[in-house]
Amino acid sequence: MSRMKLEEKIGQMAQLDRLSATPEAGSVLSGGGSTPLPDATAKDWIDMINGFQKGSVSSRLGIPMIYGIDAVHGHNNVYNATIFPHNVGLGATRDPDLVKRIGAATALEARATGIPYVFAPCIAVCRDPRWGRCYESYSEDPKVVREMTEIIPGLQGDIPSNSRRGVPYVIPKNKVAACAKHFVGDGGTTKGANENNTVIDRHGLLSIHMPAYVDSVIKGVSTVMVSYSSWNGERMHANRELIMGFLKGTLKFKGFVISDWQGIDKLTSTPHANYTYSVQAGILAGIDMVMVPYNHTEFIDDLTLLVKKNVIPMDRIDDAVERILLVKFNLGLFENPMADLSFANELGSQGHRDLAREAVRKSLVLLKNGKNETEQLLPLPKKASKILVAGTHADNLGYQCGGWTINWQGFSGNNDTRGTTILAAIRATVDPITDVVFQEDPSKQFVDESNFSYAIVVVGEPPYAETAGDSSDLTMKFPGPSIISNVCGGSVKCVVVVISGRPIVLEPYVNAVDALVAAWLPGSEGQGVADVLFGDFGFIGKLPRTWFKSVDQLPMNLGDAHYDPLFPFDFGLKTGASNGSVERSTSDGAVPRPCVLALLVSAVVCFWVSNVASSLGFR
């Protein structure tokens with residue numbers, strides 16, 4: 001620090017997109033869909049990142065840059081990577097150990113491409129499914145979200161017992177720096193509008209939206225990303241009370257705080273209207289690294305001027321740089337700045353795909369099984385003369401992966417990455433004598449005249465991300481309703497599998513179908529869906545969210561006075577496995593011994609947060 005010039009310190013505080021990267025930047029990132037080449041290999045990624053790193057280590061002080069990427073359900077920007085279920089599906093598993101193993105696999109796949117820093121996990125508590133990022137949230141229940149922070153030691157490694165609270169911890173080489181996001185209250189905005197205003201009192205903020213951050217800090221999370229949203233009208237990117245006061249002060253967080261993409265630009269009602277003010281407000285609030293991500297000279301010039309005019313004190317700059325350098329030291333970047341191919345075989349490995357398949361099985365929630373208790377449809381028989389598979393989502397890998405897959409908004413079709421569609425999984429599972437007929441949108445006449453033994457309909461939402469996913473009606477993709485009507489409205493028994501990032505309108509169709517499954521956004525391993533439909537494993541998932549009857553009820557969460565759901569939070573029917581296979585889950589039966597300590601710690605944390613908050617006037 002003592003050898004660094006002001007401009008070098010400020011350079012460390014800038015994060016630039018790879019298209020604008022310069023050697024003086026402290027960090028470089030890939031935004032959604034930003035890749036070195038189409039279908040880039042691990043070597044392509046490493047060559048690109050090492051090229052940037054060579055520039056950084058050739059600078060006057062040789063400080064390495066840190067490369068970051070969104071890896072929110074696996075290493076999702078990268079071709080051939082394992083795509084795990086999105087967080088809402090993982091919340092349905094109620095299995096923190098599973099999520100920890102997914103974190104470890106994601107870390108290895110990120111390291112396979114030379115990347116040591118991921119913008120995950122999202123620990124938002126989504127309180128309104130109209131929000132376009134609700135699938136990035138594990139649950140409407142803060143307790144479930146807190147349990148799922150076990151992904152952090154999966155990504156970073158288990159923090160030593162003698163570590164000081166708040167100090168970030170990463171095992172170098174095969175682990176990555178994690179990022180808890182989006183601080184704080186992003187899941188509570190009015191009507192679920194993305195980047196909007198969360199209206200809630202201090203007690204509500206601390207009891208619903210803050211607890212997972214407390215757990216993340218205790219588990220040694222390296223970085224925290226600030227939310228675009230506001231709390232009672234004050235933009236979080238300018239909220240000094242919560243960033244400097246609560247996160248860095250009360251929680252004693254010693255990692256670095258990073259803005260969201262152009263987050264400080266949005267501090268003015270017209271983005272970037274007064275950038276000098278935005279820089280001043282964001283840095284004074286406690287943001288250490290700014291995701292610029294393009295015009296870095298403007299950021300560096302404005303911050304330099306603000307420091308020289310004593311508007312921003314030098315100790316605020318030093319605090320930011322110390323935090324950034326600490327994370328870089330933890331990652332071993334000073335000793336080993338260059339990436340290599342030692343983990344290349346981990347990208348999309350069979351072991352990771354098997355883990356994703358397990359996650360899919362455990363995430364499925366059975367909402368209905370038979371029109372009465374004596375006529376259950378599931379599990380389906382593998383041997384049948386002829387079965388129908390229909391629906392917009394049955395043979396579409398992009399749809400089953402959802403947003404934040406290869407591209408920011410996801411993709412449609414089966415060519416953008418490698419995986420198994422639900423249709424392919426069904427064909428691989430049934431008996432060889434079973435004739436599998438696929439028609440995406442069959443007519444009622446075709447269904448009635450074809451003498452099918454049963455039908456599987458796979459429908460749901462198209463991919464989306466962030467504001468593009470905000471929805472006031474929460475309806476399934478056309479022509480999903482007519483497909484359900486044509487296939488399930490006659491004499492053929494049918495199961496409907498819903499692919500969605502949140503509850504959607506289902507009440508009009510429930511009576512017509514024989515069985516109903518919430519499959520969320522299962523990712524690349526569609527075989528996990530077939531594993532459970534055909535009884536190789538039983539259904540064990542539980543709803544991580546309340547399933548509404550009508551959007552007019554929203555927002556509606558467990559405990560609300562007007563709570564009258566179609567399916568309540570925690571609902572999920574069970575089936576046994578026809579072959580005796582058993583999935584182990586923390587949602588069923590006794591709590592595993594390793595979790596007992598976690599529950600005790602959780603209770604202590606709740607008590608501690610409550611007392612600390614009271615002492616600060618957070619009532």
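In this predicted model, Asp97 and Arg101 form a salt bridge in which the closest N and O atoms are 3.2 Å apart. Both partners belong to helix H4, which spans residues 96-112, and their spacing of 4 residues is about one turn of that helix. Neither side of the pair is hidden away: Asp97 is partly exposed, because its relative accessibility is 41% and the exposed class begins only over 50%. Arg101, at 33% relative accessibility, is likewise counted as partly exposed. The pair also belongs to a wider arrangement, a network of salt bridges that links Asp95, Asp97, Arg101, Glu358 and Lys362. Across the model, the count of salt bridges comes to 32. As background, side chains of opposite charge can pair when their charged atoms come close.

Two further salt bridges connect separate stretches of the chain. Glu466 pairs with Arg133, with 3.6 Å between the closest N and O atoms. Glu466 sits in the loop between strand E15 (454-460) and helix H17 (480-488), while Arg133 sits in the loop between strand E4 (117-118) and helix H5 (142-147), so this salt bridge ties together parts that are 333 residues apart in sequence. Glu466 and Arg133 are both buried.

The other is the salt bridge of Lys219 with Glu150, where the closest N and O atoms are 3.0 Å apart. Here too, distant parts of the chain are linked: Lys219 lies in the loop between H8 and strand E7 (223-226), Glu150 lies in the loop between H5 and helix H6 (151-156), and 69 residues separate the two. The partners fall into two accessibility classes. Lys219 has a relative accessible area of 18% and is therefore buried, the limit being under 20%. Glu150, with a relative accessible area of 22%, is partly exposed.

The loop that holds Lys219 leads back to helix H8. This helix covers residues 211-218 and is mostly covered, with 7 of its 8 residues buried. The buried set consists of Pro211, Ala212, Tyr213, Val214, Asp215, Ser216 and Val217. After H8 comes Gly220, which has a positive phi near 85 degrees.

Charge also gathers at the surface. Arg164, Arg165, Lys252 and Lys254 form a positive surface patch. Of these, Lys254 is placed in the loop between helix H9 (240-250) and strand E10 (256-258). Its relative accessibility of 34% makes Lys254 partly exposed, and this value also meets the patch requirement of over 30% relative accessible area.

Turning to the cysteines, the count of disulfides comes to 2. Such a link is a covalent bond between the sulfur atoms of two cysteines. One disulfide joins Cys126 to Cys134, with an S to S distance of 2.1 Å. The torsion about its S-S bond is -105 degrees, and the link of Cys126 and Cys134 is left-handed. Cys126 counts as buried at 0% relative accessibility, and Cys134 is buried with a relative accessible area of 1%.

The other disulfide joins Cys488 to Cys494, again with an S to S distance given as 2.1 Å. In this case the torsion about the S-S bond is about 120 degrees, so the disulfide of Cys488 and Cys494 is right-handed. Cys488 is buried, its relative accessible area being 2%, and Cys494 is buried with a value of 0%. With bonded cysteines counted along the chain, the disulfides follow the pattern 1-2, 3-4.

Some cysteines stay outside this pattern, among them Cys179, which is in no disulfide; the nearest cysteine sulfur, that of Cys122, is 9.9 Å away. Because a disulfide requires sulfur atoms within 2.5 Å, the separation of 9.9 Å leaves Cys179 without a bonded partner. Cys179 is nonetheless buried, with 0% relative accessibility. Cys401 is also in no disulfide, and its nearest cysteine sulfur, again that of Cys122, is 18 Å away. Cys401 is buried as well, at a relative accessible area of 0%.

Key
Residues numbered from 1 in each chain as written. Predicted model: local features only at pLDDT ≥ 70, side-chain atom pairs only at ≥ 80, totals over all residues. Heavy atoms only, no water. Patch = residues over 30% accessible without salt bridge, like charges linked within 9 Å, V, L, I, M, F, W, Y side chains within 5 Å. Areas by Shrake-Rupley, 256 points an atom, 1.4 Å probe, with all protein chains shown as cover. Salt bridge = Lys/Arg side-chain N within 4 Å of Asp/Glu carboxyl O. Lys, Arg positive; Asp, Glu negative; His and termini not counted. Charge placed at Lys NZ, Arg CZ, Asp CG, Glu CD. Buried < 20%, exposed > 50% of the residue type's maximum accessible area, 1.4 Å probe, protein only.
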